[in-house]
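Here's a quick walk through a few spots worth finding in your viewer. Load it up and follow along.

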Amino acid sequence: MTSQYSALAQDEQENPDPVVGDTTSRHRNTERTPLLQGESVRDHSNRAQKVGPATTTTQENVSSESNVHSYQIAFHTLTTRWKDLQPQYRWLIIAGIILLSQVLLGLVVVYGVVPWVAQRALNHSKIVFLSTNITQPKPDSFMMEVSAILENVGRIPATSQPTSVDIYYKEQHIGRADMPGMLISSDSGPFEIATKFVALDRTALGVFAADMVALPKITWTMKGNVDVVAKGLHVRGLKLDKEVTLEGLNGAKNITLNSFDLPGNDPTGGIHLEASSTLFNPSNISLEVGVMRMGIFYQGVKMANVTAEDVRLYPGENTLNLSGSMLPLDKKASAVASKFFSRYLSGEESIITVGGLENSSPIPWLDRAFQSLRVDVPFRAPVAPDLIEGLDVGQLAIHFTKSNAYMPSTNGSVVAAVKMPFDFPIAIESLGQTTQLCMATFGADDWCIPFAELQVPLLPVTTTTEAGLIYVNSTFDSVPLKVLEYQEDMFRYFIMATFFNQENILGFTGNVETTAKAAIGELDLKDIKFTKYVKLKGLAGFHDPAPVLTGMEILKDIDKVTFAADIILFNPTNFSAKMGDVSFDLEYKDTVIGEAFIPNFMIVPGNNSVSCKGKLRKETDDYLQQKIEEFLSNYVSGSDNALTIVGNDASTDIDSLKPMLKSFRTTFNVPGSHDQLMDEATMHLLSRTAVVKLFNPLKYTDINIKYLNATSFYEGLPVGHVFANFTEPQWNNQSILIPAGGEIYSPKLPVSLESGGLKLIKKALSNGGLALDMVARSLVEINGVEMWLTYVNSKVPIKVVGWFL
């Protein structure tokens, strides 16, 4: 075809006229321009310059027009030649042109368009890591298994060839990893990559690892060359420059401490520690750590080193079993540790910090990753430790005065059975407490309202250990029991319940402070909260057993009958009280006949011998006087009396004790005198008189007998009567004075016998002796107080003089 084109060109040059025989062409040629009729281009151009207005154009316009005209001539020549070709030649030329175009187009597509399209598709694609599993960590490498998907990869599937990519982090070339060949398609789904990451910059790798732990997201940049095959076309050397986002652990902020135990001292020093924690991994990265060492900090002080073995952090919750020791601490750090233990023992939450150490891992880049880890962990005992398992109030003494009615001074001892939540050895050296007391009521309406507070300072204690319990014995002295504001009524109720109930439940709630020594140092544990309810015996109103009056004596006084008595009160409790001076009414057969006064009234546990003084009323009321005389008559006669002590509004001037003492009521037996007033008598039958030996059973005061009216009985039958009014002149107005505790013989007293009196006397004498029962009513004066006494003396020996029957 080329030779054909050459022949055509040559023919054009040699025969500018149309082919001979082509009449049509000849006919057309007759109308040609001079140029087409054989005029040269230059001649035609020169001619054109001389014709018409063209003579005025510039040289440049002439040149441009000449060039355009030349193209027109060339195009016209080709067109003419094309038309002059035979049809078969025309088709050959067209086929050649089409074939040549296809070849050229294929070359353009293969070497230009396809690589451009492929690179463009690669640039627009996105690699998404669904999960990453890092295993077998070594100082300069680790294995990595990745599940990923490709997004925006285009419609044409392709297959990449295995290659090696460089990994950059923060523009630092941290390492290299091999990439296997894979199918690249929009519907290919996730693909798996298992490769070895080789570190090229350990320092930069450490930075990446630290950010992987600390940040929520991190970005790798992957660079390299990729060869792909798509639709049978091999595209080589595509540039891979792709950012890949990995999810980080975000500081591993969610760590919980599940258990915490200190089972004993650590052989290396300090206290051995065992703990279990849960670390939540929010990322899709699984990380094989192996050995992980961490520190436990509280308020900036490192308290413990712990280690976890075989650590693998999977997405989600991970359980770490920690083992280590609490460290021996200096004085300043011990104060912080003391605060931590105090809050733990009180069941309060503390914020501890779990953080990496300088040697957190033997792998340098993992060490860098966890060194900067600092996680605040809320920590508290799962259940608030019941530190005090038992409480025994050994002795409790309260001293009341008028001025401290609602802040009495106390002393006593308390034994607390302490159960520590840990088993490491601890020596408790001192104990102090701020305790509030309440009276507990359990039932439909449970309540225990604090009414008083006891602040015992830090004092030395003694301890014993038995069956896992530490028995702490503490004593205190002169510590005020402060009644809380507006709780005066409750305090008075407490006092009443203590005195009158058989048993009470007393609540103790408050804070304990203690100093103790342990393997980590000296601990000052404060504000350890506790609540304990203790059953305490009450005094039961001194009714069980009932009070016993061991002796009563009428005392010498002026114008009043006073007495002294000793009473045994049994206190079944370990409670003591000093209540100052108290007074009570004395009731005899529901009638107040006097009052009793107890100075410095005090009770202690067990039997209490209480000495009291009293006086009988000196009243003009006949009924009252009758009761007083009846009481004394029984006493002088040796008969027992039931006497009741009853409180009143004036029983005490201590306000807090008034309700209790006013309500106090106890009855006891007053034994009669063992000595008879009429000890013996001598009867003179001839003169019908009798001399009576009189004994004063009152040891401390005289008895003046002013009037005597006595009747003697034998076997219940009257024998005779003695009547004498010593205030009459015949007795010289001289009463019979019987000195205190002494005896005298009366003057001869007139005797009048009953009609059968002599027979009864004779009968008595025949039976071995005369002993008569004497019933007397006498007007006596005791301490200047006159009263009528009726007394009975049994089997008084009678000596008969002048017997002639």
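What follows covers one helix and two buried residues in a predicted model.

**Helix α7**

Let's start with α7, which runs over residues 331–345. Does its length add up, or is it off? At 1.5 Å a residue, its 15 residues should span 21 Å, and the end C-alpha atoms are indeed 21 Å apart, so the two agree. At the N-terminal end, aspartate 330 acts as the cap, with a side-chain oxygen 3.3 Å from the backbone nitrogen of lysine 332. Past the helix comes glycine 347, which has a positive phi near 75°. Plenty of α7 residues are tucked away: the buried ones include Ala333, Val336, Phe340, Phe341 and Tyr344.

**Two buried residues**

Here are the relative accessible areas of the next two stops.

| Residue | Relative accessible area |
|---|---|
| Threonine 573 | 7% |
| Tryptophan 365 | 2% |

Both count as buried because that word applies under 20%.

Threonine 573 sits in the loop between β26 (562–571) and β27 (575–578). Its side chain makes a polar contact with the side chain of asparagine 571 at 2.7 Å, and also reaches the backbone nitrogen of phenylalanine 575 at 2.9 Å. Beyond its neighbours within four places in sequence, threonine 573 touches Lys537, Gly538, Leu539, Pro605 and Gly606.

Tryptophan 365 belongs to helix α8 (residues 364–371). Its C-alpha atom is 7.8 Å from that of valine 207, although the two residues are 158 residues apart along the chain. Leaving out neighbours within four places, the contacts of tryptophan 365 include Ile134, Pro137, Phe142, Leu205 and Ala209.

Methods
Residues numbered from 1 in each chain as written. Predicted model: local features only at pLDDT ≥ 70, side-chain atom pairs only at ≥ 80, totals over all residues. Heavy atoms only, no water. Helix = DSSP H or I, 4+ residues; strand = E, 2+ residues; numbered from the N terminus. Expected span 1.5 Å × (residues − 1). Buried < 20%, exposed > 50% of the residue type's maximum accessible area, 1.4 Å probe, protein only. Polar contact = N/O pair within 3.5 Å; in protein donor to acceptor, adjacent residues only side chain to side chain. Contact = heavy atoms within 4.5 Å.
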